[in-house]
Amino acid sequence: MAGASLAIAPLGPVMAAGVRGLDLSIPLDDATFAAVCRALHDHQVLVFRDQDFDETAHVAFSRRFGVLQAHVLNQYQHRANPEILFLTNVLPDGTLRGEHPDPGSMIWHTDASWSARRALATTLLAVTLPKAGGDTLFANMYAAHDGLAPALRARLAGLRAVHSLDHSRRLSGAREQMTEAQKRAAPPVEHEILRTHPDTGRTAIYLGEHASHIAGMAEDEGRALVQRVNAHATQPAYRYIHRWSPGDFVMWDNRCVLHSATDFDWRNDRRTMRRTTILGERIGEA
Ligand code: OGA
Ligand code: MN
C-alpha cells in the first residue's frame, strides 16, 4: 500500500514538513490522500523526498486536489500537456536562454492571485538543479496575520487589493512582457487582503507582489500599504527556506503561503522544475 509507512516530520519551527514513505508514481489510496490533505493543512508546505515519476503521474496526483491550470503565459507550457509547466533556462536545443527561468518568480507572490480563479496549491518537481542557489523561499501567512499590529489588522479588515499579472511582470523586469492577448486574458482582479482559509478556517494575509494597490483607495496610498504589509509578511521570522535536493517534490498551499525563487548562475548553470497548479478555493472542488 502506498501510504503504509507514511512519516511526516516538521522542517523547522515556522512551517513545512518532510513526507517520507510515499512513492508518488503509484496512485494514492483514499486514506493516504486524506493524510496528505491533513498534512498540507497542518504544515502548509510538504516536501516529498526521493521522488521519480513521469508527467502522467504528476498530473494524476495533482488532479486529486482539484482542476489544473493551463497558464496564461503559454510560453512556459509543455507542448504536449498544457497542465504541466516547465520552468527552465534551457532551450529545446540544449543551449542556455541567458535569463532566469522565470524572473516573475523571484518576487514574493502567491500563484494565480492575479486571477479570479486562484491557485489552491502548486507542485514542483526538481528535474535539474543548479550547483548553488535556486532555492525557494516560503512565508507563512497565518503567522504573518497573527503578528500584525492590532491597528494595522483592523485597517486591513474588509480591504480588497487589486492583483494584476501585468503589474508584477513589469515589476520583475522579465525580458518577455505580456502580449496584448495575454493581458486581455488576465485583466486585474480584486481579492480580500485578510482571507479566511476555506479548509482550515484560519485567517491568513493574502497579498504578495501581484497586488498593485487597493480598491477604493488613492493609488499611491494603496501601493504604500501593500508594500508595508508585504514587507511585514515576508520577514525572515515567518520563512521556511527550501534548499532543493535531487528527487524533491514540493507542494504548497497558496491560500496561506507566499513564495519567491532565489537567483542562481543562469548564465552558466541549469535549473529545470516541472510544475502543476491546482485551482480553486477548497480541496476537491470541481
Ligand atoms: C512557481 C514558482 C519557484 C521556484 O513555480 O510558482 O514561483 O523556486 N517557482 O521555481
Ligand atoms: Mn510561483
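## Around ligand 1

Let's start with the company ligand 1 keeps: Leu-87, Ser-105, His-109, Asp-111, Leu-124, Thr-136, Trp-252, His-259, Ala-261, Arg-271 and Arg-275 surround this molecule. Keep in mind that the model you're looking at is predicted. Sort that shell by character and you get four nonpolar, four polar and three charged residues.

## Polar contacts and cover

Three of these neighbours are worth a look for their polar side-chain atoms. Arg-271 has a side-chain N or O atom 2.8 Å from an oxygen of ligand 1. For His-259, a polar side-chain atom sits 3.0 Å from a ligand 1 oxygen, and for His-109 the side-chain N or O atom is 3.2 Å from an oxygen of the ligand. How much of ligand 1 does the protein bury? On its own, ligand 1 would expose 290 Å², and the protein buries 99% of that.

## The manganese ion

Now for ligand 2, a manganese ion. Its coordination comes from His-109 through NE2, Asp-111 through OD and His-259 through NE2, at 2.1 Å. Along the sequence, these donor residues follow the spacing H-x1-D-x147-H. His-109 and His-259 link distant parts of the chain, 150 residues apart. His-109 belongs to the loop between β4 (85-88) and β5 (119-128), while His-259 is in strand β14, which covers residues 257-261.

## Where the two sites meet

His-109, Asp-111 and His-259 coordinate the manganese ion, and these residues also appear in the shell around ligand 1. Are the two histidines, His-109 and His-259, buried or exposed? Both are buried.

Notes:
Residues numbered from 1 in each chain as written. Chains lettered and ligands numbered in written order. Predicted model: local features only at pLDDT ≥ 70, side-chain atom pairs only at ≥ 80, totals over all residues. Heavy atoms only, no water. Donors = N, O, S within 2.8 Å, 3.2 Å for Na, K, Ca; no water. Helix = DSSP H or I, 4+ residues; strand = E, 2+ residues; numbered from the N terminus. Buried < 20%, exposed > 50% of the residue type's maximum accessible area, 1.4 Å probe, protein only. Near = heavy atom within 4 Å. Polar contact = N/O pair within 3.5 Å; in protein donor to acceptor, adjacent residues only side chain to side chain. Areas by Shrake-Rupley, 256 points an atom, 1.4 Å probe, with all protein chains shown as cover. Nonpolar A, V, L, I, M, F, W, Y, C, P; charged D, E, K, R; others polar.
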